[in-house]
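New to this one? Have a look at the chain below, and then we'll walk through it together.

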Amino acid sequence: MDTSSAALPVPPPPTEITAEALLERYALGERDFRSVQLIGANLSRQDLGGANFRQAVLRDCNFSGAKLVGVNFREAKLAETNFYQANLTLSNFIGADLTEASLVEADLTEAGMRSVNLIRTNLSRAILRETNLNEATFDHAVLPYADLTEASLSRAKMLGVAMPHANLTNANLTSALMNGIGLEEASLVGALLSGATLEGANLQGADLSRAKMTGSHLVNVNLAKANLRGTNLSWSTLRGSNLRGATLYRTKLCWTNLSGADLTDAVMINAKLDYANLRHTDVQGTVLPDGFTR
């Protein structure tokens, strides 16, 4: 039988429910609430651990301070929902829509958030340690002081994101699209950014020591006073970027395009510059690899 043109299964229509009914059914041991519709409800500080809200419509609900450990929100509609200080560890948000939601100070440790929509979402001081955010969309989200230690953001789309002072230590940002991102004073120690695009990004004062950034696209990036000690930037482009006062001790820049970059007062002792393009590069006051100042 040829099933190549068979129609995909249609998800069931949302089932309307009240907050009171949901809490009563949960207290009686029910956990399956897939495809329910509950808009604008107040469920703050409730314990709904282990509940299944797959494909549920929960827009504009209040889950502030709630205990939501291991909850399944896969493909759920959660636009403008409030998760302030909620415990969402090990939760499943794969394919969910969290547009303009509040996840301020929420704990999302080890959550599954692949392909999640976080457009204009507030993740200030959120905990996202070891969280899977591969292929997530963060456009214009805010994440100041967020903790993304060892998080995976491979192929994530992060246009115009504001995340000053964020902690991305050992995070995986392979092939991420990060044009216009603000990572001022952020920690990206040991982060993996190979193939990432950060055109016009602001990384002033950021710590990128020992980061792996081979083949990355860093055109017109602000790296003033950034720490790039031991960072691998080989085969990358830093055309027109600001590296004034940056630390480039033992930085690998082989085959890297530094044309038009500003390296004024940068420290490049023992940096590797084999076959690098330094056309029109400003090296006034720069401490070069041999230890001499130009």
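Follow the chain from its start and the order of elements reads β-α-β. That adds up to one helix and two strands. Keep in mind that this is a predicted model.

Now for the overall picture. Along the principal axes, the C-alpha atoms take up a box of roughly 75 × 50 × 20 Å. The chain has 294 residues, and 47% of them count as buried. Take the contacts with a separation of 6 or more: just 1% of those link residues 24 or more positions apart.

Here are a few whole-chain values side by side:

| Property of the chain | Value |
|---|---|
| Exposed area | about 13,200 Å² |
| Share of the exposed area from carbon and sulfur atoms | 47% |
| Share of the residues that are buried | 47% |
| Distance between the centres of positive and negative side chains | 6 Å |

As for charge, the chain carries 26 positive side chains and 29 negative ones. The centres of these two sets sit 6 Å apart.

Which residues form a nonpolar patch on the surface? They are Trp235, Trp255 and Tyr275, and together they offer about 450 Å² of accessible area.

Let's pick out one of the three. Trp235 belongs to the segment that comes after β2, the strand at 36-37. Is Trp235 buried or exposed? Its relative accessible area is 56%, and exposed means over 50%, so Trp235 counts as exposed.

Terms used. Residues are numbered from 1 along each chain as its sequence is written. This is a predicted model: local features need pLDDT of at least 70, side-chain atom pairs count only at pLDDT 80 or more; totals for chains, interfaces and linings use all residues. Side-chain values use heavy atoms; hydrogens and water are left out. Helices (H or I, at least four residues) and strands (E, at least two) are DSSP runs, numbered from the N terminus. Buried means under 20% relative accessible area, exposed over 50%, partly exposed in between (1.4 Å probe, protein chains only). Contact means heavy atoms within 4.5 Å. Accessible areas come from the Shrake-Rupley method with a 1.4 Å probe; for residues, only the protein chains shown count as cover. Lys and Arg count as positive and Asp and Glu as negative; His and the chain ends are not counted. The place of a charge is taken as NZ of Lys, CZ of Arg, CG of Asp or CD of Glu. Patches are made of residues with over 30% relative accessible area and no salt bridge: like charges are joined within 9 Å, nonpolar side chains (Val, Leu, Ile, Met, Phe, Trp, Tyr) within 5 Å. A salt bridge is a side-chain nitrogen of Lys or Arg within 4 Å of a carboxyl oxygen of Asp or Glu.
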